[in-house]
Amino acid sequence: MRLSRYFLPVLKENPAEAQIVSHRYMLRAGMIKQASAGIYSWLPMGYKVLRRIEQIVHEEQARAGHLALLMPTIQSADLWRESGRYDAYGEEMLRIKDRGGRDMLFSPTAEELITDIFRAHVGSYKDLPLTLYQIQWKFRDETRPRFGVMRGREFLMKDGYNFDVDKDAALHAYNRHMVSYLRTYERMGLTAIPMRADSGPIGGDDTHEFLVLASTGESEVFYDEAVTQLKLGHRDIDYTDRAQVAAVCKEFTTLYARTDETHDPAIYERDVPAERRKVGRGIEVGQIFYFGTKYSEPMGATVQTASGEKVPVHMGSHGIGVSRLLGAIIEASHDDKGIIWPEGVTPFHCGIVNLKQGDAEADAACEAIYAALTALGLDPLYDDRDARAGEKFATMDLIGLPWRITVGPRGLKNGVVELTSRRTGESEELPPEQAVARIAEIYKGI
Ligand code: ATP
Ligand code: MG
């Protein structure tokens, strides 16, 4: 992409309404624009990052054997009356009447609709295990929408639902989600810690929230410092292997890590050595639940077991805050100049800055680098504007592309360009072809 043809409405001033850094940078970098309280338009660069995040979620769900579908945002109240949640949900639910006076609602989550799909089409244990998920907009009329995409009213969520013949199988699905989520967040450059949580209106016994540590997080968290060192990395995981998946979950949930809702000072002090006891704040980027037959029983979603018995299906639901993740990633990765995107989610792989637009040699070198990166399947952003170098650098720093190639007549005389890491600020001079090869190497396997 050439910046001269892109739509990147960068703001020079700090928007007064933004209280936290991610909100400020998303507005300043022209990623989002507020449409009304807690509701945003996603401008091209914001939308690009959102899609990268969606893509990672899809890939990791596929790896775990889960199937994507898409359900409507507007749902009939009747289904929600069957589960009893139409009355129970309260003011967070946006209720709508259609022209015939029928009660409709904008889905805040989708347990009822998915259970309805299940009961219409699945009847036998032979069709299980089954996990269906979607990435779809949700609406919750939050009392205090704030912090930009962090707490919106309309927000994008991945919501997945597992159907299993018994509790053991459903707990395997729970564990499988935990591991796939850990991998999902790691690919986004995040450390998200699973913490035992309260179940709230979804209901159920087993539930973990995934929290990204950040001073602006809304939850207070208590954890063993050692938990922040755990990494899944590239290890091979067979998601059908119950024992292996359970062992990984154990590894990630044995050390103490809880939110204020479940924190128990006595256990904390007993189990965590004093020097490793940490209190901080965290952003909830996901939550998994096992709730058994809470929806299947009232809604009559049953399966026939191997012995011919008809039983309510065991379920769980599992959510990732897809749009909130943009804010969480920026909270976890920025400096005073702007965003620092992790390679896994960056909107463009690399920036190209032409220090002297109009100089025949510099223009030609930039074009060649742009063409070479594109030919390798990479997606560079070439700042080809007729602007001062300082302005180009400021824009690149603000939008946070992890790598920048700077091209100028002086360097080209010596046959070199400059390759700079946004994270460390370190630069290196090298021939253009080598800079391109280096970028290609960095993104291999990401
Ligand atoms: P919270 O406690 O932050 O209100 P929740 O526990 O009600 O969230 P879940 O039902 O667990 O939310 O939804 C799954 C995920 O969706 C959450 O972990 C969070 O990342 C995201 N999410 C929930 N509410 C919002 C919101 N208002 N804006 C953006 N993302 C949200
Ligand atoms: Mg939650």
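So, Ile74: it's partly exposed, with a relative accessible area of 37%. Keep in mind that we're looking at a predicted model here. Ile74 sits in strand β4, residues 74-76. If you skip its neighbours within four places in sequence, Ile74 is in contact with Ile96, Met104, Leu105 and Phe106. And there's Pro108, 34 residues away from Ile74 along the chain, with the two C-alpha atoms separated by 9.8 Å.

Okay, zooming out. The domain assignment gives us domain 1, residues 3-339, and domain 2, residues 350-443. Their centres, taken over C-alpha atoms, are 37 Å apart. The contact draws 16 residues from domain 1 and 14 residues from domain 2.

How much area do domain 1 and domain 2 bury between them? About 1200 Å², and 56% of that is on carbon and sulfur atoms. On the domain 1 side, Leu3, Lys337 and Ile339 lose the most area to domain 2, together 43% of what that side buries.

Now the polar part of that interface. The rule finds nine residue pairs in polar contact across it, both residues being at pLDDT 80 or more. Which elements give two or more residues to the side of domain 1 that touches domain 2? Those are α1 (21-28), α2 (44-63) and β18 (338-339). The largest share comes from α2, with three residues. Sorted by class, that side of domain 1 has seven nonpolar, three polar and six charged residues.

There are also three salt bridges across the interface of domain 1 and domain 2. On salt bridges, have a look at Arg52 and Asp379: their side chains meet in one, at 3.6 Å, N to O.

Let's move over to helix α12, residues 389-399. The buried residues in α12 are Lys392, Thr395, Met396, Asp397, Leu398 and Ile399. What covers them? The cover over the buried residues of α12 includes α1, α2 and β18, plus β19 (350-354), β20 (380-383) and β21 (403-407). So α2 turns up twice in this talk: in the side of domain 1 that touches domain 2, and in the cover over α12. Just after α12, Gly400 takes a positive phi of about 75°.

Staying with the high residue numbers, Ala440 is in helix α14, residues 432-443. Is Ala440 buried or partly exposed? Partly exposed, because its relative accessible area is 23% and the buried label needs under 20%. Beyond its neighbours within four places in sequence, Ala440 is in contact with Leu376 and Leu378. Gly377 is 63 residues from Ala440 in sequence, yet 8.9 Å away in space, C-alpha to C-alpha.

Next, a loop. Ser124 is in the one between α5 (111-121) and β7 (130-139). A polar atom of the Ser124 side chain lies 2.9 Å from the backbone nitrogen of Lys126. Further along the chain, with neighbours within four places set aside, Ser124 is in contact with Val303 and Gln304.

Last topic, charges. Side chains of opposite charge can pair when their charged atoms come close. How many salt bridges does the structure hold? The count is 29.

One of them joins the side chains of Arg183 and Glu60, at 3.6 Å, N to O. Arg183 lies in helix α6, residues 167-187, and Glu60 in helix α2, so this pair ties together parts that are 123 residues apart in sequence. Both ends are tucked away: Arg183 is buried at a relative accessible area of 9%, and Glu60 is buried at 0%.

Then there's Asp383 with Arg385, where the closest N and O atoms are 2.9 Å apart. Asp383 counts as buried at 0% relative accessibility, while Arg385, at 21%, counts as partly exposed.

And Glu441 meets Lys444 in a salt bridge, 3.5 Å from N to O. Glu441 is partly exposed, with a relative accessible area of 48%, and Lys444 counts as exposed at 61%. Elsewhere, salt bridges that share partners join Glu59, Glu60, Arg63, Arg183 and Arg187 into one network. The Arg183 and Glu60 pair I showed you is in there.

Conventions
Residues numbered from 1 in each chain as written. Chains lettered and ligands numbered in written order. Predicted model: local features only at pLDDT ≥ 70, side-chain atom pairs only at ≥ 80, totals over all residues. Heavy atoms only, no water. Domains from an automatic or database assignment. Contact = heavy atoms within 4.5 Å. Buried area = accessible area lost by both parts, 1.4 Å probe. Salt bridge = Lys/Arg side-chain N within 4 Å of Asp/Glu carboxyl O. Polar contact = N/O pair within 3.5 Å; in protein donor to acceptor, adjacent residues only side chain to side chain. Helix = DSSP H or I, 4+ residues; strand = E, 2+ residues; numbered from the N terminus. Nonpolar A, V, L, I, M, F, W, Y, C, P; charged D, E, K, R; others polar. Buried < 20%, exposed > 50% of the residue type's maximum accessible area, 1.4 Å probe, protein only.
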